[in-house]
Amino acid sequence: MSLEQSLDHVVLNFNKDSLLVLNICLAFIMFGVALKLKLENFTRLIKTPGPILVGLFAQFVLLPAFTCLLVIWLSPPAGVALGMVLVAACPGGNVSNFFSMRAQGNVELSVSITAISTVLCVFMTPFNLAFWSSFYPPAVAALQDVDLNLFHLILTITWVLLIPMFIGMLLSRKNPKLSDKIGPPIRKFSVVIFGLFIVVALAANIEHFLQHIHRVIFIVALHNGIALTTGYFMAGSVRLPLADRRSISIETGIQNSGLGLVLIFDFFEGLGGMAIVAAWWGVWHLVSGLLLSFYWSRKKLVCT
């Protein structure tokens, strides 16, 4: 068995109880984010659809398509390929709104794209995973060995993202003073808890992680770079303002890798290549997002 093949045969130390905790953490994060969402974040799609549709197109069409081309070019192990496609199929990560603010981007646009993509991902994530992975034969073969129940997949995404979002928005609408009061500490606490959980999970698998991480560092960095540039140049091609370009770039490049990990451990039994790609993406996109937002924070916006 080659070193590349062995990556997909890594058995990670992650049980059903851990998966339940991960699901709860992700749901709690989504609840905290939803406390600051308003109905206007969705109705804005009707009032000013252009920038939002550009962001969603970059997120759900261009990024998965370019990911497929990248997979075919690099010819990675099946698990790595599936991990790349799954990450690209996930909605934008919640921290993208913070990066957009730091980058002098259009924060309202960022929040709207995050909210709408989270709703759409219930169907778009399973579709993109199945569709784009079908172009890479090793990934097709790997999927045949997995009991991928699409209804269960949609149900999981609904439970960890959509329902907490609905509850958070409902509380925000019914009791805005309470949501404004508890929102900031909940968001900070949930991110810290999620981060600690990932650290503990990585510590339990540190031997596997250190042994194989060097095989995905370049791939994840390249993949993330393509995601960031795809959003930026797509927005630029339709002559959106610079602030919109920055936000769409960040929305496309900051993915909800936490959702990816939930799906990997729930449906793919922690397939080594997939899990390591998603885990490292979750680390790397924070680094790239911080660096890019810091760079843009020092560059004045110029009317275009």
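**Notebook: burial, loops and surface of a predicted model**

C121 is buried, and I read a relative accessible area of 0% for this residue. I note at the outset that the model is a predicted one.

**Entry 1. Cysteines**

I began with the cysteines. How many disulfides does the structure hold? I found 0 disulfides in the structure. C121 is in no disulfide, and the nearest cysteine sulfur, that of C90, lies 7.4 Å away. A disulfide is counted where two cysteine sulfur atoms are within 2.5 Å, so I did not enter C121 and C90 as a pair, given their 7.4 Å. I recalled that a disulfide is a covalent bond between the sulfur atoms of two cysteines. I then looked up C68, which counts as buried because its relative accessibility is 6%, with buried meaning under 20%.

**Entry 2. The chain as a whole**

I next recorded the overall figures. The secondary structure of the protein chain comes to 15 helices and 0 strands. Of the 304 residues in the chain, 54% are buried. I looked up the accessible surface and noted about 14,100 Å², with 71% of this area belonging to carbon and sulfur atoms. Taking contacts between residues at least 6 apart in sequence, I found that 86% join residues at least 24 apart.

**Entry 3. Helix α5 and the loop after it**

I turned to helix α5, which runs over residues 78–89 and has 12 residues. From its first C-alpha to its last, α5 reaches 16 Å, close to the 16 Å expected at 1.5 Å a residue. How many of the residues of α5 are buried? I counted 12 of 12, and I entered the helix as mostly covered. Among the buried residues of α5 are G79, G83, M84 and V87.

I then followed the chain to N94, which is placed in the loop between α5 and α6 (96–102). Is N94 buried or exposed? N94 is buried, because its relative accessible area is 17% and the limit for buried is under 20%. Leaving aside neighbours within four places in sequence, I found N94 in contact with I29, M30, V33 and T114. For one of these, I29, I also looked up the C-alpha separation from N94 and noted 8.4 Å, the two residues being 65 apart along the chain.

**Entry 4. Two loop residues with positive phi**

I looked up the backbone of Q104 and R239. Phi of Q104 is near 60 degrees, a positive value in a residue other than glycine. Q104 lies in the loop between α6 and α7 (107–133). I recorded Q104 as partly exposed, because its relative accessible area is 31%.

Phi of R239 is also near 60 degrees, again a positive value in a residue that is not glycine. Where is R239 placed? I located R239 in the loop between α12 (217–237) and α13 (242–253). R239 counts as exposed, because its relative accessibility is 73% and exposed means over 50%.

**Entry 5. Two alanines in helices**

I looked up A235, which lies in helix α12. A235 is buried, with a relative accessible area of 0%. Apart from neighbours within four places in sequence, A235 is in contact with V54, L240, R245 and I248. I also noted the pair A235 and G50, which are 185 residues apart in sequence and 10.0 Å apart in space, C-alpha to C-alpha.

I then looked up A130, which is found in helix α7. Unlike a buried residue, A130 is partly exposed, with a relative accessible area of 38%. The C-alpha atoms of A130 and L150 are separated by 9.6 Å, and the two residues are 20 apart along the chain.

**Entry 6. A nonpolar patch**

I closed with the surface. Which residues form the nonpolar patch? I listed L20, I24, W159, I163, F166, I167 and L170, with about 680 Å² of accessible area together. The elements that give two or more residues to this patch are α2 (16–34) and α9 (150–174). I noted that α9 supplies the largest share, 5 residues. One of the patch residues, I163, lies in helix α9. I163 is partly exposed, because its relative accessible area is 40% and falls between the limits of 20% and 50%.

Methods. Residues are numbered from 1 along each chain as its sequence is written. This is a predicted model: local features need pLDDT of at least 70, side-chain atom pairs count only at pLDDT 80 or more; totals for chains, interfaces and linings use all residues. Side-chain values use heavy atoms; hydrogens and water are left out. Helices (H or I, at least four residues) and strands (E, at least two) are DSSP runs, numbered from the N terminus. Buried means under 20% relative accessible area, exposed over 50%, partly exposed in between (1.4 Å probe, protein chains only). Contact means heavy atoms within 4.5 Å. Accessible areas come from the Shrake-Rupley method with a 1.4 Å probe; for residues, only the protein chains shown count as cover. Patches are made of residues with over 30% relative accessible area and no salt bridge: like charges are joined within 9 Å, nonpolar side chains (Val, Leu, Ile, Met, Phe, Trp, Tyr) within 5 Å. A salt bridge is a side-chain nitrogen of Lys or Arg within 4 Å of a carboxyl oxygen of Asp or Glu. The expected span of a helix is 1.5 Å times one less than its number of residues.
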